[in-house]
Amino acid sequence: MTHGLRGGMLMAGSNILIIDDYPQLVDFLEERLVAEGYHVTAASSGAHGLEIIGQGFAGVCLLDVRLPDIGGLDLFEEIKTLNPNIPVIFITAHATVDMAVEATRRGAFDFIAKGSDLLKRLNVSVKNAFELASMSEQLKTLKGQLSERGGFGRILTVSPKMNAILKTLDSVVNSGVTVLVEGDSGTGKELIARSIHESGSRKNGPFIAVNCAGIPETLLESEMFGYEKGAFTGANTRKQGRFEAADKGTLFLDEVGELPRSLQAKLLRVLQDHSFERVGGNETITVDVRIISATNRNLKEEVTAGNFREDLFYRLSVFPVRLPPLAARPEDIPILAQFFLQRYAKEEGKNLSGFDPTAMALLKGHPFPGNVRELENLVRHAVILAHDREITADDVRTTMGSHGVGGESSKPALDTEPGGLDDRLATLFPDADSLPTMRELQAAYLMHALSLAKGNVSRAARSLSVGRATMYRWMKGDIADD
Ligand SMILES: Nc1ncnc2c1ncn2[C@@H]1O[C@H](COP(=O)(O)OP(=O)(O)OP(=O)(O)O)[C@@H](O)[C@H]1O
Ligand SMILES: [Mg+2]
């Protein structure tokens, strides 16, 4: 987090409004909270409290459940209408579980019973509420700035290193120069490539991605360049390749370091004179394509090692950028975690406000070898696990365990042991012809999980470690399209 952002927030971040009609308690709380450095305003009725909020109060609200003029829950609804960003902490002498549940279900930040440890709990709760408020505000400010950044708006970052990179990229979005994005797995290379495309003058043209590592070498050439009818057995019609499909747009060559030598030459030619022939054809096709490529490797080293053509390397890396690993920009962890939390809480239909401080500390201390993607998966899992309004350290630990990183692993390494998933798959599908499509496989797997759970969707979802909403989406047939 940058100081600039934080600094701006502390202003609103120290105001507390106490709405309570019991003067002794108000005095007591006010004295203690002021001693903690907060700025406290008090209102002795619901109407007075609403007046203060209506005048633009920003901060955290402590609310007595029983007021002379209005019920706590009703007042809470009115506060939300006036300003949905005020975290409300209920304080009550008459705590009932039902009411606490109802209040938190409706979005109250916390519910504290008057009693001996009131002050201790209150201090923690108020601190968390301010942290949440500042985090949401920071996200909002950031999203505001981001939407002004156009296509780069989807890249969330407060890291000076990342911002410097985005700034340099600004200067090339409208040109056709080739960009090489280097970075470890999950650092956001594809996101950057798409953002360059969407911010620039080609944004109305197609963005076509080819994963050079994902397509068998024998198919890669015809995938990229297309083929003529009769070029090989099974080529019954002429087929357009990705280069033609990307005409007037951007071609994203992912994992370009894996491109076989034979195709490196052909690619070089396209870069030099924008033309090529389809497999089995003589006609020279000319295209207007901007190339952005990405690699996990250090491509320069691949050149030195003799695995990658030097001339091609220079053509591809007219404008090189190297994305720093997440561990080198830890200030992005909280903001990304909060962003993914909001996204997946919404998807799962859960009312989650954030991470408790220990959970966040765990995330901040995690090395994230899988970078942003690992963080995203981890948060998604933690959201599914979470039972409370906040993601707890336990949720994070459990997720880290099942992701096989840090923490105690709760599941055995399914895939590598003898008799493990690898072995079982090999028995089921001994050759390429026996492979079902991803869609068929997932549908069958889903049915299997559901029947083991005797049709209980929640249980099936739990055993597959996905949320119920995801489960329902899959059941509607919306699968294998991620
Ligand atoms: N700064 C960011 N803001 C928001 N989301 C991000 C950011 N960086 C990465 N992501 C998200 O993290 C995930 C991984 O990013 P992406 O696929 O671009 O990484 P990658 O470098 O291409 O990974 P790989 O090398 O494994 O292919 C995506 O879901 C992406 O949207
Ligand atoms: Mg990628």
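In this predicted model, the shell around ligand 1 divides into 5 nonpolar, 7 polar and 4 charged residues. The ligand is surrounded by 16 residues, and the closest are L156, G188, K189, E190 and V372. Two elements give two or more residues to this shell, namely helix 8 (189-199) and helix 16 (371-385). Viewed by domain, the shell around ligand 1 draws at least three residues from domain 2 (151-324) and at least three from domain 3 (329-402).

**The chain as a whole**

The protein chain comprises 21 helices and 14 strands. Of its 482 residues, 32% are buried. Among contacts in the protein chain with a separation of 6 or more, 68% are between residues 24 or more positions apart.

**The five-stranded sheet**

An open sheet is formed by 5 strands in the order 2-1-3-4-5, with parallel pairing. Its edges are strand 2 (39-43) and strand 5 (110-113), each of which pairs on one side only. From one strand to the next, the twist averages 20°. In general, the strands of a sheet pair through backbone hydrogen bonds, in either a parallel or an antiparallel sense.

Strand 1 and strand 2 run parallel and are joined by 5 bridges; within this pair, L17 stands opposite T41 in strand 2. Strand 1 is mostly covered, since 4 of its 5 residues are buried. Toward the other edge, strand 4 (residues 88-92) and strand 5 pair in the parallel sense over 4 bridges, and F90 stands opposite F111 in strand 5.

Two helices lie across strands of this sheet. Helix 2 (residues 23-35) lies across strand 1 (15-19) and strand 2, and its direction is at about 165° to strand 2. Helix 4 (residues 72-82) lies across strand 3 (60-64) and strand 4, running at about 160° to strand 3.

**Strands 7 and 8**

Parallel pairing also joins strand 7 (residues 207-211) to strand 8 (residues 250-254), over 5 bridges. The bridge partner of N211 in strand 8 is D254. Side chains alternate along strand 7: I208 and V210 point to one face and are buried, whereas F207, A209 and N211 point to the other face and are not buried.

**Packing of helices 15 and 17**

Two packed helices are described by the distance and the angle between their axes. For helix 15 (residues 357-364) and helix 17 (residues 393-402), the axes come within 7 Å and cross at roughly 35°. Helix 15 contributes T358, A359, L362 and L363 to the contact, and helix 17 contributes A393, D395, V396 and R397. By class, the residues in this contact are 5 nonpolar, 1 polar and 2 charged.

**Individual residues**

Three residues are set out below by location and by the number of C-beta atoms around each.

| Residue | Location | C-beta neighbours within 10 Å | Class |
|---|---|---|---|
| E255 | loop between strand 8 and helix 11 (261-273) | 18 | partly exposed |
| N371 | helix 16 | 23 | buried |
| R389 | loop between helix 16 and strand 14 (390-391) | 19 | partly exposed |

Most residues other than glycine have a negative phi. E255, which is not a glycine, has a positive phi near 55°. N371 likewise is not a glycine and has a positive phi of about 55°.

The burial classes follow from the neighbour counts. N371 is buried because 23 C-beta neighbours lie inside 10 Å, and a residue is buried if 20 or more are present. E255 counts as partly exposed because it has 18 such neighbours inside 10 Å. R389 is partly exposed because 19 other C-beta atoms lie within 10 Å.

Which residues does R389 contact, leaving aside its neighbours within four places in sequence? They are T104, N351, L352 and S353. In the case of N351, the separation from R389 is 38 residues in sequence, while the C-alpha atoms of the two residues are 6.4 Å apart in space.

Terms used: Residues are numbered from 1 along each chain as its sequence is written. Chains are lettered from A and ligands numbered from 1 in the order in which they are written. This is a predicted model: local features need pLDDT of at least 70, side-chain atom pairs count only at pLDDT 80 or more; totals for chains, interfaces and linings use all residues. Two strands pair if DSSP finds at least two bridges between them. Axes are lines fitted to C-alpha atoms, for helices over the stretch in contact, and angles run from 0 to 180 degrees between N-to-C directions. Two residues are in contact if their C-beta atoms, placed from the backbone, lie within 7 Å. A residue is near a molecule or strand if its C-beta atom, placed from the backbone, lies within 6 Å of it. Ala, Val, Leu, Ile, Met, Phe, Trp, Tyr, Cys and Pro count as nonpolar, Asp, Glu, Lys and Arg as charged, and the others, Gly among them, as polar. Domain bounds come from an automatic or database domain assignment. A residue is buried if 20 or more other C-beta atoms lie within 10 Å of its own, exposed if 12 or fewer, and partly exposed in between; C-beta atoms are placed from the backbone.
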